[in-house]
Amino acid sequence: MVLVSSTMLALGTEAPDFMLPDVVSGQTVSLASFSGKSVLLVMFICCHCPYVKHIEAELSRLGKDYQQQDVAIVAISANDAENYPADSPENLADMAKRLGLTYPILFDETQAVAHAYTASCTPDFFVFDAKRHLIYRGQLDESRPGSAIPVTGRDLRAALDAALSNQPLSTPQLPSIGCNIKWKPGNEPDYFGR
């Protein structure tokens, strides 16, 4: 496990497009699939990362808490499932069902979408406004595995709530920290100095 932090993609960046399969339904989901919602949360997660496991209950709560609001949520896993079979589409589907997720988990087999978002760790969070411009990227909250700090989703929820009310974000945006995305050999990005 290599710990890395978010690349902190420039605010205002337009959401990169994607067309990826949902691990539960098998249907192709694209950025346009969420055009009816004024706020979009894109998160990069996986099954085996202890940082994702630490917050998985909150990931489930987020979906339920914002389900009736003008927020679309999508999770993407880009880990190399051949070398990390715990993150296979089948295991991701089991995770979605176990957690009762109300949003899709998509599988980025080529890792092209992770590259487009400059995703670097699991978890990694990106919030886009109605015009699909980036307004938040960073951590869920201050909690980490082994810390005594409870998982609340405070930072991410504040970003979502500000976006819903068309208010500027009043809190600093701090990078997420987690396991590095498991890149396929030769597919490692150079956008975080590796």
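**View 1. Glu 56 is buried, at 16% relative accessibility, and its side chain meets that of Arg 98 in a salt bridge.** Buried here stands for under 20% relative accessible area, exposed for over 50%, and partly exposed for anything in between, using a 1.4 Å probe and protein chains only. This is a predicted model, so local features need pLDDT of at least 70 and side-chain atom pairs pLDDT 80 or more, while totals for chains, interfaces and linings use all residues. Numbering starts from 1 along each chain as its sequence is written, and side-chain values use heavy atoms, leaving out hydrogens and water. The N to O distance for Arg 98 and Glu 56 is 3.0 Å. Arg 98 sits in helix H2 (residues 89-99) and Glu 56 in helix H1, so this pair ties together parts 42 residues apart in sequence. Unlike its buried partner, Arg 98 is exposed, with a relative accessible area of 53%. Helices (H or I, at least four residues) and strands (E, at least two) are DSSP runs, numbered from the N terminus.

**View 2. Arg 157 pairs up with Glu 58 and with Asp 65.** The structure holds six salt bridges, each being a side-chain nitrogen of Lys or Arg within 4 Å of a carboxyl oxygen of Asp or Glu. In the pair of Glu 58 and Arg 157, the closest N and O atoms are 2.7 Å apart. Glu 58 belongs to H1 and Arg 157 to H4, so the link spans parts 99 residues apart in sequence. Glu 58 and Arg 157 are both buried. For Asp 65 and Arg 157, the closest N and O atoms are 2.8 Å apart. Asp 65 is also in H1, so its bridge to Arg 157 in H4 ties together parts 92 residues apart in sequence. Asp 65 is partly exposed at 39% relative accessibility, whereas Arg 157 is buried at 17%. Bridges that share partners join Glu 58, Arg 61, Asp 65 and Arg 157 into one network.

**View 3. Helices H1 and H4 pack at an angle of about 15°.** H1 covers residues 50-66, H4 covers residues 154-164, and their axes are 12 Å apart. The axes are lines fitted to C-alpha atoms over the stretch in contact, with angles between N-to-C directions running from 0 to 180 degrees. H1 and H4 are therefore roughly parallel, a label for angles under 35 degrees (over 145 is roughly antiparallel, 65 to 115 roughly perpendicular, the rest oblique). H1 passes H4 in a right-handed crossing, meaning the near helix is turned clockwise from the far one by less than a right angle. H1 brings Glu 58, Arg 61, Leu 62, Asp 65 and Tyr 66 to the contact, and H4 brings Leu 156, Arg 157, Leu 160, Asp 161 and Leu 164. Contact means heavy atoms within 4.5 Å. By class, that makes five nonpolar, no polar and five charged residues. Nonpolar covers Ala, Val, Leu, Ile, Met, Phe, Trp, Tyr, Cys and Pro; charged covers Asp, Glu, Lys and Arg; the others, Gly among them, are polar.

**View 4. H4 has a buried side, and Asn 166 follows the helix.** The buried residues of H4 are Asp 155, Leu 156, Arg 157, Ala 159, Leu 160, Ala 162 and Ala 163. Their cover includes strand S4 (39-44), H1, strand S5 (71-77), S8 and strand S9 (134-138). Asn 166 has a positive phi, near 55°, though it is a residue other than glycine. Asn 166 lies in the loop between H4 and strand S10 (177-180) and is exposed at 71% relative accessibility.

**View 5. Phe 128 is buried, with a relative accessible area of 0%.** Phe 128 is part of strand S8 (residues 124-128). Leaving aside residues up to four places away in sequence, Phe 128 touches Thr 13, Glu 14, Ala 15, Ser 38, Val 39, Leu 40, Val 42, Tyr 117, His 133, Leu 134 and Ile 135. Gln 139 is eleven residues from Phe 128 along the chain, and their C-alpha atoms are separated by 15 Å.

**View 6. Thr 122 and Pro 123 share a cis peptide bond, and Met 8 has a positive phi.** Most peptide bonds are trans, and most residues other than glycine have a negative phi. Omega between Thr 122 and Pro 123 is about 5°, and Pro 123 falls in the loop between strand S7 (121-122) and S8. Met 8 is not a glycine, yet its phi is about 60°. Look for Met 8 in the loop between strand S1 (3-5) and strand S2 (19-21).
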